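Reader: Hi! Could you walk me through the charged pairs here, and then one of the helices?
Author: Happy to, let me put it up.

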Amino acid sequence: MEHYVKSGVESTKDRKERAFRSKPFAILRKTKVVDTEADHLFAVLDHKKGRDSTHHYLKRLHNFALHLGWLLSSVMAEAAWPSIRRQSFVALTAAEHQRIVDRELNEERRQFYEMLWHTSGAHSDIANLTSDDENAELTCLCIGPQLRELLSRLPTEGPFLTKTSIEKPKHRSSEFSRRCKVLVI
């Protein structure tokens, strides 16, 4: 796990490290790679705290060890891996978005949520948007009256969302999740 965590970009390393600290992976921490059996993998997958991400990281960890030659053959055949229990996600409705915006007391965070709504941009893209980006050659975005009004309230130089742009993506995501939970969305 330690070697696998060291690979990839910084944000990916952080996610992998967090996943491997979770309770399901405690089962594997006590097991030598060469002693790993399918029962160990099933125990991780069957753990009551296990989620889709547990399945994802376990399979990637297994493949990592296999590709490095730490395992001479696959511990579990491809067909034996259980299927992922995918959650279904539904986009926010206009009413739910409005509830989030109305409840948000922090002006910049409210602007961030409005920018996400009006542009359908990714959290990181919108958080790092600057006044220079507005007129970039490759930008192809129809600016309607609501977005134009929002842009008029944002700084004309530098980042539009100064505090939001320096937050880590995981913190922005957690804050949005908390807001949705509080509002039962």
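**Salt bridges and a helix**

Author: Glu107 and Arg153 form a salt bridge, with the closest N and O atoms 3.6 Å apart. A salt bridge here is a side-chain nitrogen of Lys or Arg within 4 Å of a carboxyl oxygen of Asp or Glu. This is a predicted model, where local features need pLDDT of at least 70, side-chain atom pairs count only at pLDDT 80 or more, and totals for chains, interfaces and linings use all residues. Residues are numbered from 1 along each chain as its sequence is written, and side-chain values use heavy atoms, leaving out hydrogens and water.

Reader: Which parts does the pair Glu107 and Arg153 tie together?
Author: Glu107 lies in helix H7 and Arg153 in the loop between helix H9 (145-152) and helix H10 (162-166), so the pair links parts 46 residues apart in sequence. Helices are DSSP runs (H or I, at least four residues), numbered from the N terminus.

Reader: Which residues share that network with Glu107 and Arg153?
Author: Arg110, Glu114 and Glu149 are joined with Glu107 and Arg153 into one network by salt bridges that share partners.

Reader: How many salt bridges are there?
Author: The count comes to 12 salt bridges by this rule. One of them joins the side chains of Glu78 and Lys59, at 2.6 Å from N to O. Glu78 sits in the loop between helix H5 (52-67) and helix H6 (94-103) while Lys59 is in H5, so this pair connects parts 19 residues apart in sequence.

Reader: And what about Glu104, buried or exposed?
Author: Glu104 is buried, at 5% relative accessible area. Buried means under 20%, exposed over 50%, and partly exposed in between, with a 1.4 Å probe and protein chains only. Glu104 forms a salt bridge with Arg179, 3.0 Å between the closest N and O atoms. Arg179 is also buried, at 14%.

Reader: Switching topic: how many residues does helix H2 have?
Author: H2 (residues 10-21) has 12 residues and reaches 17 Å from its first C-alpha to its last, close to the expected 16 Å. That expected span is 1.5 Å times one less than the number of residues.

Reader: Which residues are buried in H2?
Author: Lys16, Ala19 and Phe20 are. Down the axis of H2, its buried residues fall within an arc of 95°, so they line one face. The arc is that of the directions from the helix axis to the C-beta atoms.

Reader: What do the buried residues of H2 pack against?
Author: Helix H1 (2-5), helix H3 (26-29) and H5, where contact means heavy atoms within 4.5 Å. The face of H2 turned away from its buried side carries the exposed Glu10 and Arg21.

Note on methods:
Helices (H or I, at least four residues) and strands (E, at least two) are DSSP runs, numbered from the N terminus.
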